[in-house]
Every structure is written in C-alpha cells, then in structure tokens.
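Biologist: Please take a close look at one loop of this model, and then carry the account on to the other parts that can be read with similar care.

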Amino acid sequence: MKILAIVKILSKILPLGGLGGLFLLSCSSPSIPSDATHTDKQPDIYPDYNGVTIPANISPTNFMLPDCEEAVACLSFGNLSFTYGDDNKIIIDDDEWQELRSAAAGSDKGIKVEVYGKKDGKWLSYKSFPIYVAKDTIDPYISYRLIQPSYVAYEDLAIVQRNLTSYDESDIYNNRMIHSEENGHCINCHSFQNYGTNNMHFHMRQFCGGTMLVHNGKLKKIDLKTDSTISAGVYPAWHPTADLVAFSTNTTRQIFHIKDRDKIEVLDYKSDLILYDVQKNEVSNISNAPDEHECFATWSPDGKIIYYTSAHIDTTIFNQGEKSFRKHYDEIKYNIYSRSFDLTTHKFGEPQLVFDAVQLGKSATLPRISPDGRYLTFALGKYGCFHVWHRDADICIVDLQQPLPSPSTLNTKPLNSPESESYPSFSSNGRWIMTASRRDDGSYTRPYISYFDAQGKCYKAFAVPQKDPERNKLLLRSYNRPEFMKQKVKITPWQFATKAQEDAVRAKFVNK
C-alpha cells in the first residue's frame, strides 16, 4: 500500500516514464481468487462493519478475517472498484477510500464489499455486504482515557485525542511525564465546553493533585475542595455558554463479588451537586439534600436547564454507614431529574422528575441531551450508578417531546449488545451517538458509534476505525469516557506537566 501511494504521488509530478525514463514504478492490487468456492455465509470480520452506516468524513474502515490465513476484499460503488489484501487484513488506501466514500454518500446502496478468505489452503468467496455512507459528517476529533481495566492500578494512564478523519492519535496528557513509584497520580474526567477545547479541564489525584483547567486558552490549576463540600469536584459538566461548571462531589468505595459475573461494584456513599464559577473561582451548592444522592449533571443546549441523576436513600435502611450500603447495594437506584437555571442570578429551580427508572425497577445514569434539546440518552441498568461494570447495562434514548416522567424509549437495539454499554454522548450535530462498549470481549471498553438520523432512528453501531484492525485485540487498555471534540487541544502535554507541579489555587465556597 505504501508503494501504491508513492506511485500516485509520482504520477502527479513526473512525466510519463518518470525521471527521464530511467525507470518505471509499477504495482498491482491483489488478484481476486479465481478458484474460490462460493458460500452463502457472511464473512466473520473484525471489527464488524457489515451493514453499518458511517459518517461522510471518517477514516477507512480497515478490517481483518481472524480465522483465515489470507484475505482479499473488493470494495466497489458504481464504476469505482478497488481490491485489497495484506495477509488476513484488509488495509484500504486513503485516497481510494475518499473516492468511494464521496460517491456513496447519501446512497441507499452503499459501498459493496466482497470478501475472500483462505482457510486450510482453500479460498472461499463469502456473501457480499454493504457499508452505507451518510451525508452527515462527524466531529473530527474524539478524546478518551486509556487505562488498564484493573481496580486500583493507575501507574500508566493517558488522556488521548484521536482524529476520526485519519488515524492520528496524540496525548493530551500522560501521567508518566511526572509519575514515579514514590509519587504516583491518577488522571481522569476530561471535559470540554460545547465540544471546544479553549475551555476544558481534567482532574489529577494524589501527587500534584488538583483540577487542570483551561479557561479562554489559559491554563490554571485549581483546588475545588472546600470545608463545606464532600470532596473536590468529581464528575463535570461545562455550561454551554457561560464560565460555569457543574460538578458532583462524591465519596465512593469499591466492593468485590465472589460469584457474580459483575465482579465489582462502585458505591456512591455520599454525593451532592455544586456549581463552580470559573471567573470568580467560587463554589456554591446546587443540591445537597441529605436523603438524595445527586450525581452526573449535564446541561440543556441553551443552558437554561440542568439534568442529573439522583437516588433516594431510605434512612431507615441506610442508617449504619458504609456497612448498610454494602449490604443493600442492589437496592440503590437512580432517576433522572431536571432543574431550571437562571443565568443572571445563578439560581436553580425545584427538582422535576424527567425519567422514572425506579418505577421500572431500573437505575438510570450518565444523562446527555441532544444538541437540538429534543432527545435524552443515558445508561440504564438494574441498580447503581457505575454501569460500566454491569453486563446488563444498555443505552436508552427518550424523546423529551413525549409525556413525562416516564416516556417510552426509542429502539436502541442496534446500538446495544449483550455486554456493558455506558457513557453515551451526542456529536455536535446530533447525528451520531458514541458509547463505551465492552461488546468485543466483556473486559475492555472501546468506543462504538451509531448513526442517529433526523427521525430518531438508531443504526447499527460500529467500532472507531483503526489503521491496523488488530490494534484493539493487542492493546491491553480500555477507552474510558469517550468525548466528541470539534478541535484538538492546544495546550501541550508538557505545559500540563509543568503546571501540575505548581501549587493549586484554592476555590472559595459561597452560600447562594
């Protein structure tokens, strides 16, 4: 494929015959096996791109046939036809992919994919499948934390940004830049204001602890812990337009199961919601009811409503501290609420029930609102708030124009799998939904994306394409908290590392 790219470049800048006719470069695509035996079976490809709908600007959907010794695939649309094969991997040329993708955008036929695989020395011809291309584009970048799927280890963490239109990936920050055996620190909860990166932040815990906050492109280090709050800010939500961030404050613990397939449970013993004023460096309460555990805030696109999850705690049951929580962990269930917000006074209205998950015997967590304000997506499981550890957890979507508080959910079967689905988010145009999914192996979370059309229909989810389709099988890391971004982060990793070693500016608590 590299030779092919060189040939294309030289053909544009050199006369026929090249370099004075001294030599000719030539290469050819792999041949379609003429002796292949036809089968009506679909090819078992990884990642699974069979019948998916992809954005009009995404990188090539390279794939492999894990159970074959060799593979060849022909991708075609109209008069365009290209053939690829590299051992058992299909690595698509970028320029040819752009031609196919542009031609097929918006078509109901899609790019035709014909796959041939060699097993035990014999070629098989599989049933062809389409890859549909939507007219809608996707945000050019996503970010995620790469982390080992362990329960306590954080010696090697990175918050990474990836260009979806190519395969370019780079660190936003890597904790090994200043991490040592004696002085380790965890990094987590990266967040951006309205898909941009001029206002963003992430947390550092333990050594050099503090919140690394970028405000109008300038980097600060903030200590959000006050004497009037449970903890420093934890799970964040930037206001879409104002210099405000809603945080939860939490006391969390882990418990471990001996027999349950969901090996771990993260319990939220205490949680409140606070508002951080970035310009004034002030913290105030949003909600701190003693019998409610409020968490995971998110804003409406116009910034006039805040949504969040809350679990009602029965004090007659949970009156013995952490021991009671451990004993009754599967009885803790969260609903989704909203409060109005006045940007002038920073006052919040009374709680309004938005989705009654408890009535359904379920627990809802991690709500997000579509950019048009119409749809609410969240993770739904049997109990608790850390659904990434729950195999039964699925992504749900409700139409907020339907009657509340328990509107019927949309069909999200194409988005979900038998394994855990968590942390849903909308793209900036509302046409794509990304989730952290464990569908590949049940252990590692990886970003999957589903097309969500203007009529509210959800399409089959697909894995974020990789240059080497085998990468996620070999990368022993989970992709945590995947977020859409319109642009790259401008602050460099070394700028974050330098600021991290400075003292944090402590926020002030104010009553409102």
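Modeller: His346 sits in the loop between β23 (334–342) and β24 (347–348), where strands, like helices, are DSSP runs numbered from the N terminus (E over at least two residues for a strand, H or I over at least four for a helix). Its phi is positive, at about 60 degrees, although His346 is not a glycine. The residue is buried, with a relative accessible area of 16%; buried means under 20%, exposed over 50% and partly exposed in between, with a 1.4 Å probe and protein chains only.

This is a predicted model, in which local features need a pLDDT of at least 70 and side-chain atom pairs count only at pLDDT 80 or more, while totals for chains, interfaces and linings use all residues. Residues are numbered from 1 along each chain as its sequence is written, and side-chain values use heavy atoms, with hydrogens and water left out. The average pLDDT (the predictor's confidence in each residue, from 0 to 100) is 90, and 93% of the residues score at least 70. Over residues 1–27, however, the pLDDT is below 50, and that stretch has 19 contacts beyond near neighbours in sequence, a contact being heavy atoms within 4.5 Å. Where pLDDT is low, predicted coordinates should not be read in detail.

Cys208, in the loop between β14 and β15, is another residue other than glycine with a positive phi, here near 60 degrees, and Cys208 is buried, at a relative accessible area of 13%. The strands on either side of that loop belong to an open, mixed sheet of five strands in the order β13-β14-β15-β16-β34, where two strands pair if DSSP finds at least two bridges between them. β13 (185–192) and β34 (505–506) stand at the edges with a single partner strand each, so one side of each is left without a neighbour in the sheet. β16 and β34 run parallel and are joined by two bridges, and the bridge partner of Ile222 in β34 is Val505.

Helix α5 lies across β14, β15 and β16, at about 35 degrees to β16; such angles run from 0 to 180 degrees between the N-to-C directions of lines fitted to C-alpha atoms, for helices over the stretch in contact. The buried residues of α5 (residues 493–500) are Phe496, Ala497 and Ala500. They are on the same side of α5, because they cover an arc of only 100 degrees around the axis, taken from the directions between the helix axis and the C-beta atoms. These buried residues pack against β12 (169–174), β14 (200–206), β15 (210–215) and β16 (218–223).

Elsewhere, Tyr46 and Pro47 are joined by a cis peptide bond with omega about -10 degrees, and Pro47 lies in the loop between β1 (37–38) and β2 (53–54). Leaving out residues up to four places away in sequence, Phe63 touches Tyr46 and Pro47, among others including Ile45, Tyr49 and Pro469. Phe63 and Leu75 have the most contacts inside the largest nonpolar core, which has 56 residues; a nonpolar core is a set of buried Ala, Val, Leu, Ile, Met, Phe, Trp, Tyr and Cys residues joined through side-chain atoms within 4.5 Å. Strand β4 (residues 70–77) gives that core its largest share, four residues.
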